[in-house]
Amino acid sequence: INAPNIFGVMGQGNAKLIKDIRTVLRLEKKILLRYFKDLNNKSAKEILDDTDCIIEIVPKKYAVWKY
């Protein structure tokens with residue numbers, strides 16, 4: 001059978017809502033540059049325009065699995 005790789009993640013932790021616009025902008029740029037070559041990409045620009053907060057999750061425990 002030629003099935004796709006399936007991965008799972010489950011976790012528990014503490015969440016914090018970040019609403020300071022300067023902090024949000026700094027963090028979202030850092031995050032987006034992990035997935036886009038630059039921030040001029042159409043999708044990156046849309047995300048930058050639409051994001052007004054970030055949820056930061058600090059994990060206490062987590063589990064990962066693969067089928």
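User: Where does Glu28 lie in this model?

Analyst: In this predicted model, Glu28 is part of helix 1, which covers residues 21-32.

User: What makes Glu28 a residue without a salt bridge?

Analyst: A salt bridge requires a side-chain nitrogen of Lys or Arg within 4 Å of a carboxyl oxygen of Asp or Glu. For Glu28, the nearest side chain of opposite charge is that of Lys29, 7.6 Å away. That separation does not meet the 4 Å limit, and therefore no salt bridge is assigned, although Glu28 is buried.

User: Which residues does Glu28 contact, leaving aside its neighbours within four places in sequence?

Analyst: Glu28 is in contact with Ile47, Leu48, Thr51 and Ile54.

User: Why is Leu39 called partly exposed?

Analyst: The relative accessibility of Leu39 is 22%. Buried means under 20% and exposed means over 50%, so Leu39 falls in between and counts as partly exposed. Leu39 is placed in the loop between helix 1 and helix 2 (42-50).

User: Which residues does Leu39 touch, not counting those up to four places away in sequence?

Analyst: Leu39 touches Lys29, Leu32, Leu33, Ala44, Lys45 and Leu48. Of these, Lys29 is ten residues from Leu39 in sequence, and their C-alpha atoms are 7.6 Å apart.

User: Why is Asn14 called partly exposed?

Analyst: Asn14 has a relative accessible area of 43%. This value lies between the 20% and 50% cut-offs, so the residue is classed as partly exposed. Asn14 belongs to strand 1.

User: How do you know that strand 1 and strand 2 pair?

Analyst: Pairing requires at least two bridges. Twelve bridges join strand 1 (residues 7-18) to strand 2, so the requirement is met. The two strands run antiparallel, and Asn14 stands opposite Val58 in strand 2. Not counting residues up to four places away in sequence, Asn14 touches Glu56, Ile57, Val58 and Lys60.

User: What makes strand 2 hardly covered?

Analyst: Among the 13 residues of strand 2, the count of buried residues is one.

User: Why can Trp65 belong to a nonpolar patch on the surface?

Analyst: Trp65, which lies in strand 2 (residues 54-66), is partly exposed, with a relative accessible area of 36%. A patch residue needs over 30%, and Trp is among the side chains counted as nonpolar, so Trp65 meets both conditions. The patch is formed by Ile6, Met10, Trp65 and Tyr67, with about 490 Å² of accessible area together.

Methods: Residues are numbered from 1 along each chain as its sequence is written. This is a predicted model: local features need pLDDT of at least 70, side-chain atom pairs count only at pLDDT 80 or more; totals for chains, interfaces and linings use all residues. Side-chain values use heavy atoms; hydrogens and water are left out. Helices (H or I, at least four residues) and strands (E, at least two) are DSSP runs, numbered from the N terminus. Buried means under 20% relative accessible area, exposed over 50%, partly exposed in between (1.4 Å probe, protein chains only). Lys and Arg count as positive and Asp and Glu as negative; His and the chain ends are not counted. Contact means heavy atoms within 4.5 Å. Patches are made of residues with over 30% relative accessible area and no salt bridge: like charges are joined within 9 Å, nonpolar side chains (Val, Leu, Ile, Met, Phe, Trp, Tyr) within 5 Å. Accessible areas come from the Shrake-Rupley method with a 1.4 Å probe; for residues, only the protein chains shown count as cover.
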